[in-house]
Amino acid sequence: MQVVKTVEEVRAARWTDPYLTWGLVPTMGTLHEGHLSLVRRARAENDRVAVSVFVNPIQFNRREDLDAYPRQLDHDLGLLEAEGVDLVWAPDEDQMYPSGFQTYVSVEEITQPLEGASRPGHFRGVTTVVAKLFNVIEPKHAYFGQKDAQQVAVIKQMVRDLGFNLAVVVCPIVREPDGLALSSRNLLLSLDERQAGLVLSRALNAARDEWMGGQRDAEHLRATMRAIVEAEPLARIDYISAADPITLRELEGSTDHALLSMAVFVGSVRLIDNLIVGYGEADLRA
Ligand code: AMP
């Protein structure tokens, strides 16, 4: 496994044989089984696998969040080596954003609601860094987790709009046995908060149960989720949503499919989770 820092080093490693296909897994490090599920899928579907590890400062809209974000590169490298990864790009900030940097990629409507409304500038940071990763590595497949449902929609939009020559592959959410979606941020939770964090998947599952029982009213589904989260004293709702899975517009009245999603502060840690009803995830991956 080669571990490199500069754009030139990535290109040199990438182009040893132009006929090999590459899969890319972009990450911010502090890897867990969620990230590794993407790596394994990439390993199975490509000749070579590249993983980027970069805590991207321009996608954080709160300085405290960036400072608190966990980092453990040495541990990550051990995990990636064990998965048979070929190339790790762990750039310093000045490789990604050399002095004088002034070019940004900005996707419009679909970045406005949900995460975009709560975290101004977040997706502009994400699409800018991902566009650069795509340009430098030139993968055939790029792997993203359904955990960040809006991110997937935004990246697919960017790939379509700008004509990147690659396929976006979306992988299912990996959870702890008790339902908590794996996240690097879970490390920041105290024991009590870890327990309280279960409220997200509990609320989503309750709404899904109602859906299975025939409930189709979007506001009713939101109200069910809201009531469950509000009953948890350590949790504070950022948003609770039942939105169209493609446009991400909030749904009103009766619906035949929905992306149920939420962002909830548990203590000072912001957790997100989601679930799709009405469509199989596979339909959306198409
Ligand atoms: P991050 O390091 O948080 O930027 O995540 C890197 C990639 O891993 C993103 O595509 C995430 O959606 C994905 N990911 C993070 N957590 C999970 C999870 N629990 N299950 C599946 N994919 C995940």
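# A guided tour of the predicted model

Start by selecting Arg124 and Tyr104: Arg124 lies over the face of Tyr104, 3.9 Å from the ring centre. Keep in mind throughout that you are looking at a predicted model.

**Stop 1: the rings around Tyr104**

Keep Tyr104 on screen and add Phe101. The search of the whole structure finds six aromatic pairs. In the pair of Phe101 and Tyr104, the ring centres are 5.4 Å apart and the planes stand at 85°, so this pair is edge-to-face. How exposed are the two residues? Phe101 counts as partly exposed, at 24% relative accessibility, and Tyr104 is partly exposed too, with a relative accessible area of 34%.

Now widen the selection to Phe54 and Tyr97. Together with Phe101 and Tyr104, these two residues make up a cluster linked by ring pairs.

**Stop 2: a second ring pair**

Next, select Phe134 and Phe144. These two form another edge-to-face aromatic pair, at 6.5 Å centre to centre and with 75° between the planes. Colour helix α7 (residues 122–137) to find Phe134 and strand β5 (residues 141–145) to find Phe144; the pair therefore ties together parts that are 10 residues apart in sequence. Are Phe134 and Phe144 buried or exposed? Both Phe134 and Phe144 are buried.

**Stop 3: a charge over a tryptophan**

Move on to Trp211 and show Arg216 with it. Here the charged end of Arg216 sits over the Trp211 ring, 3.8 Å from the ring's centre.

**Stop 4: salt bridges**

Time to turn from rings to charges. How many salt bridges does a search of the whole structure find? The search finds 18, and three of them are worth a visit here.

Begin with Arg194 and Asp178, whose side chains meet in a salt bridge at 2.9 Å, N to O. Arg194 belongs to helix α9 (residues 191–196), while Asp178 is in the loop between β6 (167–171) and α9, so the salt bridge ties together parts that are 16 residues apart in sequence. With a surface displayed, look at both partners: Arg194 counts as partly exposed at 21% relative accessibility, and Asp178 counts as partly exposed at 37%.

For a salt bridge inside one helix, go to α11 (residues 218–230), where Glu219 and Arg222 are three residues apart and separated by about one helical turn. Their side chains meet at 3.0 Å, N to O. Glu219 is partly exposed, with a relative accessible area of 35%, whereas Arg222 counts as buried at 4% relative accessibility.

The third salt bridge joins two strands. Select Asp238 and Arg270, whose side chains meet at 2.9 Å, N to O. Asp238 lies in strand β7 (residues 235–243) and Arg270 in strand β9 (residues 269–277), so the contact ties together parts that are 32 residues apart in sequence. Asp238 is partly exposed, with a relative accessible area of 28%, but Arg270 counts as buried at 12%.

Leave Asp238 and Arg270 selected and add Asp65, Glu115, Arg119 and Arg185. You now have a network of salt bridges linking these residues.

**Stop 5: the cavity**

Stay with strand β9, but look for empty space. Rolling a probe the size of a water molecule over the atoms shows where such space is left. The structure holds one cavity of 30 Å³ or more, and about 50 Å³ of space lies in the largest cavity.

Which residues line the largest cavity? To see its lining, select Lys147, Leu180, Ala181, Ser183, Asn186, Gly197, Leu200, Leu271, Ile272 and Asp273. Strand β9 gives the most to this lining, with three residues. Try colouring the lining by residue type: five residues are nonpolar, three are polar and two are charged.

**Stop 6: the end of the tour**

Finish at Leu73, which is found in helix α4 (residues 73–82). Leu73 counts as partly exposed, at 36% relative accessibility. Now add Val53 and draw a distance between the two C-alpha atoms: Leu73 and Val53 are 20 residues apart in sequence, and their C-alpha atoms are 7.9 Å apart in space.

Conventions
Residues are numbered from 1 along each chain as its sequence is written. This is a predicted model: local features need pLDDT of at least 70, side-chain atom pairs count only at pLDDT 80 or more; totals for chains, interfaces and linings use all residues. Side-chain values use heavy atoms; hydrogens and water are left out. A salt bridge is a side-chain nitrogen of Lys or Arg within 4 Å of a carboxyl oxygen of Asp or Glu. Helices (H or I, at least four residues) and strands (E, at least two) are DSSP runs, numbered from the N terminus. Buried means under 20% relative accessible area, exposed over 50%, partly exposed in between (1.4 Å probe, protein chains only). On a 1 Å grid over the protein atoms alone, a cavity is a set of points where a 1.4 Å probe fits but cannot get out, and a pocket is an open set with protein on both sides within 12 Å along at least five of seven lines; lining residues have an atom within 4 Å of a point. Grid points are joined across faces, edges and corners, and a volume is the space filled by probe spheres set on the points. Ala, Val, Leu, Ile, Met, Phe, Trp, Tyr, Cys and Pro count as nonpolar, Asp, Glu, Lys and Arg as charged, and the others, Gly among them, as polar. Rings of Phe, Tyr and Trp (its six-membered ring) pair if their centres lie within 6.5 Å; planes under 30 degrees apart count as stacked, over 60 as edge-to-face and the rest as tilted. A charge sits over a ring if NZ of Lys or CZ of Arg is within 6 Å of the ring centre and within 35 degrees of the ring normal.
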